[in-house]
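This briefing introduces a single protein chain to a reader who has not met it before. Please keep the sequence and the structure in view while going through the points below.

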Amino acid sequence: MKNWKFYNALFIRVLFIMIPFFFCIFLIYKTLYYNAILVGFFIFLLLFEMYFYIKNHSLFYDKTLLSILQSDFSTNFPEEYKKENFKNLYLLYNKLKLQQQEQISKEQIYQSILNNIDTATLILEKDNDDWNIFLMNDCFSHLFKVPKVSHWTYLKNYLPSLCSEIEKVGFAEIKSAISIKIEDKDLQTFVLQTSNTKTFDKEYFIILLDSIQRVIEKKEKEAWINLMKIISHELMNSLTPIRALSQNLLHIVDQEQLEEDDFEDIKSSISTIINRSDHLQVFVENYRKLAMLPTPTKQMTPINTLFEDCMRIMSPILKAENIELINEINSSRSILIDKSQMEQVIINLITNSVYALKEKSEKKMFLSSYTENNRFFITISDNGKGIDTEIRDKVFLPFFTTRKDGAGIGLTLSKNIIEAHGGYLSYQTDEDKTSFVICLI
């Protein structure tokens, strides 16, 4: 950093030293030794003053730079230093100080945000081969009764099940369910989601934990909101024209004399009111089917018999649509189910596959089953158009349908039936195949 005032002052000092130095040599040459010693002492004083001048100057630079390196911005610059020799250093120091203050403010805001969210959040920072706890939000600390420790090994003493699960996958990105015992309470299930982030030479590992119950409540709330929207939409579609037509009829019959055209209007209005009333009745009936699903009457049913009866009903439709059926189900075992309800589920899923294959030139449907971890799985797949990304979270929503003639209760009813059997219904979709999977315990 160039500082001309310092260099000028240094040059003058060197000049003041050089002049008496040459004068001292001249005196020695003239054998005036005592005078030479006196001048030499003066030269020593000038050297001593220049040494301390340079040292003080360098010392302030070193002290300031050390403060910057240690992020210690508590030093106050003397006013004269802000304008003279150390002006540029002061500007650098002040700029870095402001940047640090801004960074601290941002960190406090981010930490405040993380502490106010109701998702347990833990951020680890990698230090060589070890992990230090970079941040633990209040939700994590309060939920798991863990103090805000600074190292991963300390956390393992409090939450061994969580730490062992993460170490087992090598701190890789995962999304799964995990059971954690909090103090002496029963095991609680959480949704565990992790991710890795790298910034410059730093590596961070982010751990998010959500209570399964909270996730379910959130999904249920979203489902109820969507359901209310659909019910309101259906009701308004019927009630609005019925009200308008009723007002029109009232206006017609209030006339003193009715003409031929008036009778035609009356017939047309009554016909429309009946049609909309029928539609509303069907809608209410469908809702009643969902809301009043009977408890399954379970009996041991052979799997082959279940599918033979379903295919006996669906085979004519598959042949009419030129759909190739690849049936890989050939099991001698029996399962405890309500046969009529399960047939309804399988027929609903096959019917959906038939609709998905409408626009395909090569139509294929696949049936398969397998057993895993004391669970029995039935898979119904097709190579149809698949499920669009924007509607994937709505496929099980009551009354939601993409079919013009659909009621929108088939998948919802099927899901309710499977859940009433203690299982679940899910789907998997990609470019080549869409599969609906029935899981029964």
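**Strand β10 and its surroundings**

Residues up to four places away in sequence aside, I378 touches F307, S368, S369, F436, V437 and I438. The model in which these contacts appear is a predicted one. I378 belongs to strand β10, which covers residues 375–382.

- I378 has a relative accessible area of 1%, and it counts as buried because that value is under 20%.
- Between I378 and I346 there are 9.4 Å in space, taken from C-alpha to C-alpha, and the two residues are 32 apart in sequence.

**The chain as a whole**

- The protein chain contains 11 helices and 12 strands.
- Of its 441 residues, 34% are buried.
- Taking contacts between residues at least 6 apart in sequence, 56% join residues that are at least 24 apart.
- About 28,700 Å² of the protein chain is exposed, and 55% of that area comes from carbon and sulfur atoms.

**Helices α9 and α10**

- Helix α9 spans residues 303–320 and helix α10 spans residues 339–356; the two pack at an angle of about 35 degrees, and their axes lie 10 Å apart.
- The crossing of α9 past α10 is right-handed.
- On the side of α9, the residues that meet α10 are T305, L306, F307, D309, C310, M311, I313, M314, I317 and L318.
- On the side of α10, the residues that take part are K339, M342, E343, I346, I347, I350, T351 and V354.
- Sorted by class, this contact of α9 with α10 comprises 13 nonpolar, two polar and three charged residues.
- F307 appears among the α9 residues that meet α10, and F307 is also one of the residues touched by I378.

**S353 in helix α10**

- Helix α10 also holds S353.
- Is S353 buried or exposed? S353 has a relative accessible area of 3%, so it falls under the 20% limit and is buried.
- Once neighbours within four places in sequence are set aside, S353 is in contact with M365, I380 and D382.

**Helix α6**

- Helix α6 runs over residues 160–168, and its buried residues are L162, C163 and I166.
- Why do these buried residues line one face of α6? Viewed down the axis of the helix, they fall within an arc of 95 degrees, and therefore they line one face.
- G170 follows just after α6 and adopts a positive phi of about 70 degrees.

**Positive phi outside glycine**

- As a general background, most residues other than glycine have a negative phi.
- N128 is a residue other than glycine with a positive phi, near 60 degrees.
- The position of N128 is in the loop between β1 (120–127) and β2 (130–136).
- With a relative accessible area of 67%, N128 is exposed, because the value is over 50%.
- K145, likewise a residue other than glycine, has a positive phi near 55 degrees.
- Where is K145 found? K145 sits in the loop between α4 (138–143) and α5 (152–158).
- The relative accessibility of K145 is 44%, so K145 counts as partly exposed.

How values were computed
Residues numbered from 1 in each chain as written. Predicted model: local features only at pLDDT ≥ 70, side-chain atom pairs only at ≥ 80, totals over all residues. Heavy atoms only, no water. Buried < 20%, exposed > 50% of the residue type's maximum accessible area, 1.4 Å probe, protein only. Helix = DSSP H or I, 4+ residues; strand = E, 2+ residues; numbered from the N terminus. Arc of directions from axis to C-beta. Contact = heavy atoms within 4.5 Å. Areas by Shrake-Rupley, 256 points an atom, 1.4 Å probe, with all protein chains shown as cover. Axes fitted to C-alpha atoms, helices over the stretch in contact; angles between N-to-C directions. Left-handed = near helix turned anticlockwise from the far one by under 90°. Nonpolar A, V, L, I, M, F, W, Y, C, P; charged D, E, K, R; others polar.
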